[in-house]
Amino acid sequence: MQKANVLFPILASLALSGCHLLYRPTVQQGNVITPRMIAQLHLGMTKNEVAYDLGSPAIRDPFHHNRWDYYYSLKRNYKPLVSEHFTLYFKDGKLVRLVGTPRPTPRHIYGKSHA
């Protein structure tokens with residue numbers, strides 16, 4: 001009986017300590033920018049129009065007021081990290097340049113296409 005009183009807590013703690021290895025939550029950060037959203041952009045748009053179409057940028061550099069950075073990352077269980085970086089440049093409040101090719105689509109988020 002004495003061995004059972006000692007062995008049960010030890011076995012229970014070992015069994016429960018392994019549970020954290022079974023599940024890792026999906027962590028999604030930043031803005032999801034789809035090709036359809038990019039297709040709506042055109043040079044000459046105002047910052048308000050861009051913010052309406054894409055949402056607020058993830059990063060607004062205080063030293064570069066005319067640069068908006070959209071960043072997206074997704075970490076699912078034990079799969080590789082998916083990350084994208086998309087930058088918009090403005091001059092006199094108008095969109096003048098787009099840099100980057102955003103690829104996050106619903107397939108990256110949900111694991112299959114919902115298009």
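# Questions on strands E3 and E4

Mentor: Ser 73 lies in strand E3 of a predicted model.

Trainee: Is Ser 73 buried or exposed, and at what relative accessible area?

Mentor: Leaving out residues up to four places away in sequence, Ser 73 touches Val 27, Gln 28, Gln 29, Leu 81, Val 82 and Ser 83. The cut-off for burial is under 20% relative accessible area. Ser 73 counts as buried because its relative accessible area is 7%.

Trainee: In what pattern do the helices and strands follow each other along the protein chain?

Mentor: The secondary structure comes to four helices and five strands. Read along the sequence, these follow the pattern α-β-α-α-β-β-β-β-α.

Trainee: What share of the contacts with a separation of 6 or more comes from residues 24 or more positions apart?

Mentor: The protein chain has 115 residues, of which 21% count as buried. Its accessible surface comes to about 8,400 Å², and carbon and sulfur atoms hold 60% of that. For contacts with a separation of 6 or more, the share from residues 24 or more positions apart is 45%.

Trainee: Which element gives the largest share of the largest nonpolar core?

Mentor: That core has 12 residues, including Ile 33, Met 37, Val 50, Trp 68, Tyr 70, Phe 86 and Leu 95. Two or more residues each come from helix H3 (47-54), strand E3 (67-75) and strand E4 (82-91). The largest share, three residues, comes from E4.

Trainee: How far apart are the C-alpha atoms of Trp 68 and Thr 87?

Mentor: Trp 68 lies in strand E3, and the place of Thr 87 is in strand E4. Beyond its neighbours within four places in sequence, Trp 68 is in contact with residues including Lys 47, Val 50, Ala 51, Phe 86, Thr 87 and Leu 88. The two residues are 19 apart along the chain, and their C-alpha atoms are separated by 5.7 Å.

Trainee: What is the relative accessible area of Trp 68?

Mentor: Trp 68 is one of the residues of the largest nonpolar core. Its contacts also include Pro 57, Ile 59, Arg 60 and Phe 90. Trp 68 counts as buried, since its relative accessible area is 5%.

Trainee: Which side chain makes a polar contact with the side chain of Thr 87?

Mentor: At 5% relative accessibility, Thr 87 falls under the 20% limit and so counts as buried. Not counting residues up to four places away, Thr 87 touches Arg 67, Trp 68, Asp 69, Arg 97, Leu 98 and Val 99. Among these, the side-chain polar contact, at 2.8 Å, is with Asp 69.

Trainee: Which residue shares a salt bridge with Asp 69?

Mentor: The count of salt bridges comes to one. Asp 69 is buried, with a relative accessible area of 5%. The other residue counts as partly exposed at 25%. The side chains meet at 3.0 Å, N to O, and the partner of Asp 69 is Arg 67.

Trainee: How far is Glu 84 from Asn 31 in space, C-alpha to C-alpha?

Mentor: Glu 84 has its place in strand E4 and counts as buried at 11% relative accessibility. Tyr 70 touches both Asn 31 and Glu 84, among other residues. Glu 84 and Asn 31 are 53 residues apart in sequence, and their separation in space is 9.5 Å.

Trainee: What is the area of the nonpolar surface patch made by Ile 59, Tyr 71 and Leu 81?

Mentor: One of its members, Tyr 71, lies in strand E3. Tyr 71 is partly exposed, with a relative accessible area of 30%. Together with Ile 59 and Leu 81, Tyr 71 makes a patch of about 260 Å².

Trainee: Which residue, other than glycine, has a positive phi near 55 degrees?

Mentor: The residue is found in the loop between E4 and strand E5 (94-99). At 71% relative accessibility it is over the 50% limit, and therefore counts as exposed. The residue with this phi value is Asp 92.

Terms used: Residues numbered from 1 in each chain as written. Predicted model: local features only at pLDDT ≥ 70, side-chain atom pairs only at ≥ 80, totals over all residues. Heavy atoms only, no water. Core = buried A, V, L, I, M, F, W, Y, C linked by side-chain atoms within 4.5 Å. Buried < 20%, exposed > 50% of the residue type's maximum accessible area, 1.4 Å probe, protein only. Contact = heavy atoms within 4.5 Å. Polar contact = N/O pair within 3.5 Å; in protein donor to acceptor, adjacent residues only side chain to side chain. Patch = residues over 30% accessible without salt bridge, like charges linked within 9 Å, V, L, I, M, F, W, Y side chains within 5 Å. Areas by Shrake-Rupley, 256 points an atom, 1.4 Å probe, with all protein chains shown as cover. Salt bridge = Lys/Arg side-chain N within 4 Å of Asp/Glu carboxyl O.
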